[in-house]
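The following exercises introduce a protein structure step by step. Each task is followed by a worked solution.

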Amino acid sequence: MTVERLHARLHDRVETVRERIAHACRRAGRRPEDVTLVAVTKTTTIEVASLLPELGVTDLGESRPQELWHKAKEIHPPVRWHLIGHLQRNKVAHTLPLVSRIHSVDSLRLLDAIEQEAPPAGIDVLLEVNTSGEQQKHGFAPDDLPQVLEHLPNLRRVRLTGLMTMAALEEDPERCRLTFARLRQLRDQFAGQLVPPHGLSDLSMGMTNDYEVAIEEGSTMVRIGSALFAGLQDG
Ligand SMILES: *Cc1c(COP(=O)(O)O)cnc(C)c1O
């Protein structure tokens, strides 16, 4: 497929997602500019991902550190890279200089490892919280949050900016609503206790299957892969 054709197709995908984000915002009485589209490039190529900035999509996400390293070597600022999946402590040092945010901090040990390796300018992180109750998911239990937040004054370089969750894969996205509402309730419950530079203004929730419900429940960052890239290069 020619790059022009690919560009045109990707443009349509981005427009469709942006329209649906805008509609969901309207339903919820929110402003579209308060929701960041993070394009999750894990299933696509560097060639395709490189077209995103000219389509106005400059926030890109990867779930695997090694894949992020690989793509970030080729796709540079103004793109901001987001790590959205599990980070092993031995990969922290290599990852930090490449990312603008880590959405998926899921243990105190990882938080401390990030603090150790963070550059003087600091690093923005979100805490992944398991609000779906699924056993196999990464993330803190909601009951762990008070202990994590008490630990924040020990950190000099890590800035907590919000919370992240993943809903169960449901045929009916309405069934994800409670998972998202729980994350927002946790934000509302704890935000007032935090002292700057820490805060909980980011709510990273919503994927292809459920982002409109997530926006209705207060998401400020939707992480979208399939809706942008699935089948893009077919036929
Ligand atoms: C893959 C992935 C996404 C995007 O999923 P889609 O359903 O393809 O939109 C979002 N968040 C995380 C953590 C992921 O691993």
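A salt bridge is a side-chain nitrogen of Lys or Arg within 4 Å of a carboxyl oxygen of Asp or Glu. The model is predicted: local features need pLDDT of at least 70 and side-chain atom pairs count only at pLDDT 80 or more, while totals for chains, interfaces and linings use all residues. Residues are numbered from 1 along each chain as its sequence is written, and side-chain values use heavy atoms, with hydrogens and water left out.

**Exercise 1. The network of salt bridges**

Task: State which residues are linked in a network of salt bridges, and how many salt bridges a search of the whole structure finds.

Solution. Step one: the network links Arg-27, Glu-174, Arg-177, Arg-184, Glu-216 and Glu-217. Step two: the search of the whole structure yields 16 salt bridges. As background, side chains of opposite charge can pair when their charged atoms come close.

**Exercise 2. The overall form**

Task: Describe the protein through its helices and strands, its radius of gyration and its buried residues.

Solution. Step one: there are 9 helices and 8 strands in the protein; helices (H or I, at least four residues) and strands (E, at least two) are DSSP runs, numbered from the N terminus. Step two: the radius of gyration is 17 Å, close to the 18 Å that the globule rule gives for 235 residues, so the protein is as compact as a globular protein of that length. This radius is taken over C-alpha atoms, and the rule is 2.2 Å times the number of residues to the power 0.38. Step three: along the principal axes, the C-alpha atoms fill a box of roughly 55 × 40 × 30 Å. Step four: of the 235 residues, 50% are buried. Buried means under 20% relative accessible area, exposed over 50%, and partly exposed in between (1.4 Å probe, protein chains only). Step five: among contacts with a separation of 6 or more, 58% come from residues 24 or more positions apart; a contact means heavy atoms within 4.5 Å.

**Exercise 3. A pair within helix H3**

Task: Find the distance between the closest N and O atoms of Glu-67 and Lys-71, and place the pair in its helix.

Solution. Step one: the salt bridge between Glu-67 and Lys-71 has its closest N and O atoms 2.8 Å apart. Step two: both residues belong to helix H3 (residues 65-72), where a spacing of 4 residues separates them by about one helical turn. In general, an α-helix has 3.6 residues a turn, so residues three or four places apart point the same way. Step three: Glu-67 is partly exposed at 27% relative accessibility, whereas Lys-71 is buried at 1%. Step four: the buried residues of H3 are Pro-65, Leu-68, Trp-69, Lys-71 and Ala-72. These buried residues pack against helix H2 (46-49), strand S2 (59-62), S3 and helix H4 (92-95).

**Exercise 4. A pair between two strands**

Task: Explain why the salt bridge of Arg-159 and Asp-124 ties together parts that are apart in sequence.

Solution. Step one: in this salt bridge the closest N and O atoms are 2.6 Å apart. Step two: because Arg-159 lies in strand S6 (residues 158-164) and Asp-124 in strand S5 (residues 123-128), the pair ties together parts that are 35 residues apart in sequence. Step three: Arg-159 is partly exposed, with a relative accessible area of 27%, while Asp-124 counts as buried at 14%.

**Exercise 5. Two cis peptide bonds**

Task: Give omega for the cis peptide bond from Pro-77 to Pro-78 and for the one from Pro-196 to Pro-197.

Solution. Step one: from Pro-77 to Pro-78, omega is near 15°. Pro-78 is found in the loop between H3 and strand S3 (80-83). Step two: from Pro-196 to Pro-197, omega is near 10°. Pro-197 lies in the loop between helix H7 (177-190) and strand S7 (202-204).

**Exercise 6. Two residues in helices**

Task: Decide whether Thr-179 is buried or exposed, and list the contacts of Ala-227 beyond four places in sequence.

Solution. Step one: Thr-179, a residue of helix H7, is buried at 8% relative accessibility. Leaving aside neighbours within four places in sequence, Thr-179 is in contact with Thr-131, Ser-132, Thr-165, Met-166 and Ala-167. Step two: Ala-227 belongs to helix H9 (residues 226-229) and is partly exposed at 23% relative accessibility. With neighbours within four places again left aside, Ala-227 is in contact with Arg-13, Val-17 and Thr-208.
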